[in-house]
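Q: Could you take me slowly through a single helix of this protein, and then through some contacts elsewhere in the chain?

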Amino acid sequence: MCKGLAALPATCLKSAKDIKHKIGFLLQKPDPPQEQKSLKEKEKKKEKEKEKVTVVNRVPLAEIEKWKTSFNNLIKNEDGRKAFTSFLQSEYSQENIEFWEACEDFTQTSVDKMNVKARKIFKRYVEADSPSEVNLDSATRELTRKNLERCDASCFEEAQSKIFTLMEKDSYRRFLKSKLFLELSQPPLDNKPCSLEKKGKHHVSDHSQCLPSYA
């Protein structure tokens with residue numbers, strides 16, 4: 001008949017405690033390496049950014065037809081830019097349009113605020129290994145760095161031009177063939193408001209003439 005732990009010799013109790021400690025140590029989940037943590041955080045951030053895409057308004061078909069004729073017509077149009085941004089988000093490359101927009105805004109900045117804003121843009125998009133680094137060759141990157149010294153409205157002119165061309169020759173062509181653009185190009189079936197669904201929600205078949213909005 002069992003007499004309980006008190007009846008066991010002290011050496012047995014000590015051995016049992018040691019075994020329990022070792023098993024507990026082995027069962028502990030080791031902390032993931034810092035690189036894995038950073039990767040997971042980036043993935044979560046990307047998923048949250050995709051969740052921002054939602055629905056909004058209709059665009060005249062005549063306006064959408066202009067988007068087909070040139071990338072400039074698309075990007076210079078507010079609705080076109082929103083639709084294109086939504087597409088880039090789906091490809092995890094929205095930093096390109098964000099940089100282009102930041103450059104457009106920079107040219108309208110007052111002289112007394114240019115220096116601070118220019119350095120923020122450079123650190124966010126142009127500098128190597130920056131949070132939202134855009135795809136620039138080393139020569140353009142270095143030229144932009146030197147431009148910070150004089151810092152005028154043309155500071156990011158070359159870099160912005162390179163990113164514009166990159167989007168025009170690459171992302172824009174895929175955008176015109178994307179499901180989003182094809183649905184936007186369809187004539188509306190009714191007068192009801194429509195919406196682009198967030199990821200994970202039930203599918204909505206009629207997205208025609210809908211544009212993304214940002215929460």
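A: What follows is a close look at helix α8, and after that at several residues and salt bridges in other parts of the chain. The model is a predicted one.

Helix α8 covers residues 138-150, and its buried residues are T140, R141, T144, N147 and L148. When the helix is seen down its axis, these buried residues fall within an arc of 115°, so they line one face of α8. The spacing along the sequence fits a general rule: an α-helix has 3.6 residues a turn, so residues three or four places apart point the same way. The buried residues of α8 pack against two other helices, α7 (111-126) and α9, whereas S138, A139 and E149, on the other side of α8, are exposed.

The two ends of the helix can be described as well. At the N-terminal end, D137 acts as a cap of α8, with a side-chain oxygen that lies 3.2 Å from the backbone nitrogen of A139. After α8 comes C151, whose phi is positive, near 45°.

One of the buried residues, R141, also takes part in a salt bridge, and its partner is E133, with the closest N and O atoms 3.3 Å apart. R141 has a relative accessible area of 12%, and it counts as buried because the cut-off for that word is under 20%. E133, by contrast, has a relative accessible area of 29% and is partly exposed. Elsewhere, salt bridges that share partners join E91, D170 and R174 into one network.

Helix α9, one of the two helices that the buried residues of α8 pack against, spans residues 157-177 and includes S171. S171 is buried, with a relative accessible area of 4%. Leaving aside neighbours within four places in sequence, S171 is in contact with F84, F87, L88, E91 and L166. The C-alpha atom of S171 is separated by 9.0 Å from that of S93, although the two residues are 78 residues apart along the chain.

On the side of α7, the other helix against which the buried residues of α8 pack, T109 lies in the loop between α6 and α7. T109 counts as buried at 10% relative accessibility, and, if residues up to four places away in sequence are not counted, T109 touches M114 and K117. With K117 there is also a polar contact, from side chain to side chain, at 3.3 Å.

The structure holds 11 salt bridges, and two further examples can be set side by side. E101 forms a salt bridge with R81, the closest N and O atoms being 3.1 Å apart. Since E101 lies in helix α6 (residues 95-106) and R81 in helix α5 (residues 78-90), this pair ties together parts that are 20 residues apart in sequence. E101 itself is partly exposed, at 33% relative accessibility.

The other example is the salt bridge of E65 with K68, in which the closest N and O atoms are 3.1 Å apart. Both of these residues lie in helix α3 (residues 61-69), three residues apart, which is about one turn of the helix. E65 counts as partly exposed at 39% relative accessibility, and K68 is partly exposed too, with a relative accessible area of 38%.

Terms used:
Residues numbered from 1 in each chain as written. Predicted model: local features only at pLDDT ≥ 70, side-chain atom pairs only at ≥ 80, totals over all residues. Heavy atoms only, no water. Salt bridge = Lys/Arg side-chain N within 4 Å of Asp/Glu carboxyl O. Helix = DSSP H or I, 4+ residues; strand = E, 2+ residues; numbered from the N terminus. Buried < 20%, exposed > 50% of the residue type's maximum accessible area, 1.4 Å probe, protein only. Contact = heavy atoms within 4.5 Å. Arc of directions from axis to C-beta. Polar contact = N/O pair within 3.5 Å; in protein donor to acceptor, adjacent residues only side chain to side chain.
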